[in-house]
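Dear colleague,

Please find below the structure that I am handing over to you. My findings follow it, and I would be grateful if you read them with the model open beside you.

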Amino acid sequence: MVAMTQEQEFQELVDADQRIEPRDWMPEAYRKTLIRQIAQHAHSEIIGMQPEGNWITRAPSLRRKAILMAKVQDEAGHGLYLYSAAETLGVGRDELLDLLHAGRQKYSSIFNYPTVTWADMGAIGWLVDGAAIVNQVPITRCSYGPYARAMVRICKEESFHQRQGFEILHTLSHGTPAQHEMAQDAVNRWWWPSLMMFGPPDDQSPNSAQSMAWKIKRFSNDELRQKFVDMTVPQAEVLGLTLPDPEIRWDEAAGNYAFGDIDWTEFFEVLKGNGPCNAARMEHRVRAHVEGSWVREAATSYAEKTAARVQEGAA
């Protein structure tokens, strides 16, 4: 009997749906792929606070303000869970943030679009968070344990985010004609970027096949995008809003909704940094990091002093 290599043993564990834990052996390419994906996910949660935080002071009621504050707070927590998961792979949080600030790591392109009306809070919750749920629920079965476990709580909270977005749009859509128009305008602007959130088509996604073989991903970009469309079309009917794609129709033979072609030129331009808000998002993020340095220093100092007192008491 020929002895298996470490890589073969690793793949056998993955194929058997066993979890890989931080102290287990793993291929370097697997580790790097996870760092890239988890870091992008964490950065997206942190950057994603900006377009919604922009509306906290302008929410139309105290109830809406409280809900939006809770949602933005959740997103900060999601970023922390994910940075912690990345740290189990031997990379420091400061290192990941430095790479983000230097433009060497990405965040989701969806957060480079402006939020111009209150209805955008509804569209983000319904479409963007809805797309996130479709994308992230399969990650709860990711082969890497810390990432999978972090996603369990994140997905539960994303479900709340999606429901509050749906409720905002439902209220506006069934309100005055002007409110209905505002809701429709927001959906018109966020629909196509939401479809782009799943990444480029499978034939243009160089990392997907290997990520699926390692069970970091469970479904391809196009499969996830189709699930999202099939889920969203009936919801739009309940909302009384029209998705801005005249080609959407039920395909009886395929058993799903057909939809129009996505403008991938726009996606890749935003990815390159040429979106409406790329520069503003990064400028705000870097400024907040620099201005918040005293908080990190104070927290570190407090932790060191507390640890020293505990050690002295044990001596």
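Leaving out residues up to four places away in sequence, K71 touches E52, I124, G125, D129, H161 and Q164. Please keep in mind that this is a predicted model. K71 belongs to helix 4, and it counts as buried because its relative accessibility is 0%, where buried means under 20%. One of its contacts comes from far along the chain: K71 and H161 are 90 residues apart in sequence, yet their C-alpha atoms are separated by 6.5 Å.

Next, the nonpolar cores. The largest nonpolar core has 48 residues, and those that touch the most other members are W118, W126, W190, W191, F228 and L243. Two or more residues of this core come from each of helix 4 (62-87), helix 6 (119-136), helix 7 (145-173), helix 8 (177-196), helix 10 (221-239) and helix 11 (264-274). The largest contribution is that of helix 6, which gives 9 residues. To see how one member is placed, you may select L243: apart from residues up to four places away in sequence, it touches W126, V187, W191, V233, A236 and I248. There is also a second, separate core of 29 residues, which includes I35, L96, Y144 and Y147.

Helix 2 offers a useful exercise in checking geometry. It covers residues 28-47, and its 20 residues should span 28 Å at 1.5 Å a residue; the C-alpha atoms at its ends are 28 Å apart, so the two values agree. Helix 2 is also mostly covered, with 14 of its 20 residues buried.

The largest pocket holds about 1,000 Å³ of space. It is lined by 45 residues, of which Q40, N135, M197, F198 and G199 are the closest to its centre. The elements that each give two or more residues to this lining are helix 2, helix 6, helix 7, helix 9 (208-213), helix 10 and helix 11.

Which residues does N112 contact, leaving aside its neighbours within four places in sequence? They are Y107, V270, G275, P276, C277, N278 and R281. N112 lies in the loop between helix 5 (93-101) and helix 6, and its relative accessibility of 2% means that it counts as buried. Its contact C277 counts as buried too, because its relative accessibility is 11%.

On the subject of cysteines, a search of the whole structure finds 0 disulfides. For C155, the nearest cysteine sulfur is that of C142, 12 Å away. With a relative accessible area of 9%, C155 is buried.

Finally, two loop residues deserve a look at their backbone angles. D17, in the loop between helix 1 (6-15) and helix 2, has a phi near 60 degrees, a positive value in a residue other than glycine. K215, in the loop between helix 9 and helix 10, likewise has a positive phi, near 60 degrees, and is not a glycine. As for their surroundings, D17 is partly exposed, with a relative accessible area of 46%, whereas K215 counts as buried at 17% relative accessibility.

With kind regards

Key
Residues are numbered from 1 along each chain as its sequence is written. This is a predicted model: local features need pLDDT of at least 70, side-chain atom pairs count only at pLDDT 80 or more; totals for chains, interfaces and linings use all residues. Side-chain values use heavy atoms; hydrogens and water are left out. A nonpolar core is a set of buried Ala, Val, Leu, Ile, Met, Phe, Trp, Tyr and Cys residues joined through side-chain atoms within 4.5 Å. Buried means under 20% relative accessible area, exposed over 50%, partly exposed in between (1.4 Å probe, protein chains only). Helices (H or I, at least four residues) and strands (E, at least two) are DSSP runs, numbered from the N terminus. Contact means heavy atoms within 4.5 Å. The expected span of a helix is 1.5 Å times one less than its number of residues. A disulfide is a pair of cysteine sulfur atoms within 2.5 Å. On a 1 Å grid over the protein atoms alone, a cavity is a set of points where a 1.4 Å probe fits but cannot get out, and a pocket is an open set with protein on both sides within 12 Å along at least five of seven lines; lining residues have an atom within 4 Å of a point. Grid points are joined across faces, edges and corners, and a volume is the space filled by probe spheres set on the points.
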